[in-house]
Amino acid sequence: MQKTDIMRFKISIVLTIISLCSACLRAKVAADIPPMRIEVATVRTDTVPNRKTYIGHISANYEAVVQPRVNGYLVAAMFKNGMPVRKGQLIFRLDGRQQRANMLSARASLESAKAREIEAKNNYDRAIPLAKINAISQAQLDQYTAEYAAAKASVNSARQALKNANLETEYTDIYSSIDGIIASSEAHVGDFVGPGTQFSVLTTIQNIDTVCVDIAIPMQQYLQYSGRKTLTYDNEGLLSDINLYLADGELYPVEGRYDYTKTNVSDAMGTILLVVVFPNPDYALKAGQFARVQTNVGSGKPFTVVPQQCISQTQNINSLWVIRPDSTAEYREVTLGDTFGDLWIVEKGIENGETVALTGQLKLHNGAKVIPIKR
């Protein structure tokens, strides 16, 4: 054997010894590192409500149309467009001179009818004793009787005409019939308004003490969550815990309630419309406003749930670390469902009663020994 070969052999032996020593040192160091303490939680089965989100728009509870009952020139509009008005508040005034003239004429006609009634009554009263002594004929008595009856009827007719004239005079002042928000009017001061004119409708008033939102539920979901095989209009109890979120994501502080189910099913979308209502005493909500409604639909179902803290999501892969009974870690991919509060529904990949890691996920590897600490 040449010196060169001997030298190479010695060097290889030395390197092998160094490598073995390093491995022993690493094993000793690893053995000296205590198991990592991590927080863990137990996987459980819980009844989770079918929490669904629906997008819609707020609408008024109902709307009143303001229509003048008499014709006349508009002389005043006593409101501000888009502002609240109260029931009984004066909002429009028409020129009532013609109606007042008609009322005076009707009053005069009533007085004239009363005078004719008095005359007819006097003639009738005088005719009765004369008829008893045959001083006048029965035909004359019948004539006086008929004239008296006609006079009384004329008084009643004139009295009713006066009431109608008084009503028409009152109708020149138009009051709000409900509390709500009044819209702008296309009629302006000086326009001739009323039935049969261009301005037969002056404006509308929206009642928004309570506002409505339509929830469109696909028929398949409706039948599934309601537990029925056919559509019903009695859906009280189908929705619960109804919350409204505004366009900026803010939660409306008052919870809603189910009101009624609309009669028609959408042909285009195949959905059933359930109407929910929210109290709006301060008029904070406006008709037409965007709304996002979250509600529980139907009764809850049992699902396997874990804390959201234990889930890792990377490149569309959902995973967690399972702590085996021997306190070693195991990496596991899972299939997730919906969230419920701070919990996540796990549809596949883990079983009820297993233990999952809540902390230290970045430091774990398969088979790593840990000290689990129950939260």
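Q: The expected span of a helix is 1.5 Å times one less than its number of residues. What does helix α2 (residues 97-132) reach from its first C-alpha to its last, and what is expected?
A: This is a predicted model, to start with. In it, α2 has 36 residues and reaches 53 Å. Set that against the expected 52 Å and you can call the two close.

Q: Which residues of α2 are buried?
A: "Buried" here means under 20% relative accessible area. In α2, Q99, M103, A106, L110, A113, A120, A127 and A131 meet that cut-off. An α-helix has 3.6 residues a turn, so residues three or four places apart point the same way.

Q: What covers those buried residues of α2?
A: The cover includes helix α3 (138-170). Contact, in this case, takes heavy atoms within 4.5 Å.

Q: What follows α2, and what is its phi?
A: N134 follows the helix, and its phi is positive, near 60 degrees.

Q: Why is strand β13 (residues 271-279) called largely enclosed by the rest of the structure?
A: Count its buried residues: seven of the nine fall in that class, so the label fits. For the protein chain as a whole, 34% of the 375 residues count as buried.

Q: How do you know that β10 (residues 203-218) and β13 pair, and in which sense?
A: Pairing needs at least two bridges between two strands. β10 and β13 have nine, and they run in the antiparallel sense. As an example, I215 stands opposite L274 in β13.

Q: What makes β2 (44-48) and β19 (335-340) edge strands?
A: Picture an open sheet of four strands in the order β2-β15-β20-β19, paired antiparallel. β2 and β19 each pair on one side only, and that earns them the name. Neighbouring strands in this sheet are turned by 50 degrees against each other on average, direction ignored.

Q: How do you know that β2 pairs with β15 (residues 301-307)?
A: Again, at least two bridges are needed, and five join these antiparallel strands. One link to look for runs from V48 to its bridge partner in β15, K301.

Q: How many helices and strands does the protein chain have?
A: Its secondary structure comes to four helices and 22 strands.

Q: What share of the contacts between residues at least 6 apart in sequence joins residues at least 24 apart?
A: That share is 75% in the protein chain.

Q: What does the accessible surface of the protein chain come to, and how much belongs to carbon and sulfur atoms?
A: About 22,700 Å², with 53% belonging to carbon and sulfur.

Note on methods:
Residues are numbered from 1 along each chain as its sequence is written. This is a predicted model: local features need pLDDT of at least 70, side-chain atom pairs count only at pLDDT 80 or more; totals for chains, interfaces and linings use all residues. Side-chain values use heavy atoms; hydrogens and water are left out. Buried means under 20% relative accessible area, exposed over 50%, partly exposed in between (1.4 Å probe, protein chains only). Accessible areas come from the Shrake-Rupley method with a 1.4 Å probe; for residues, only the protein chains shown count as cover. Axes are lines fitted to C-alpha atoms, for helices over the stretch in contact, and angles run from 0 to 180 degrees between N-to-C directions.
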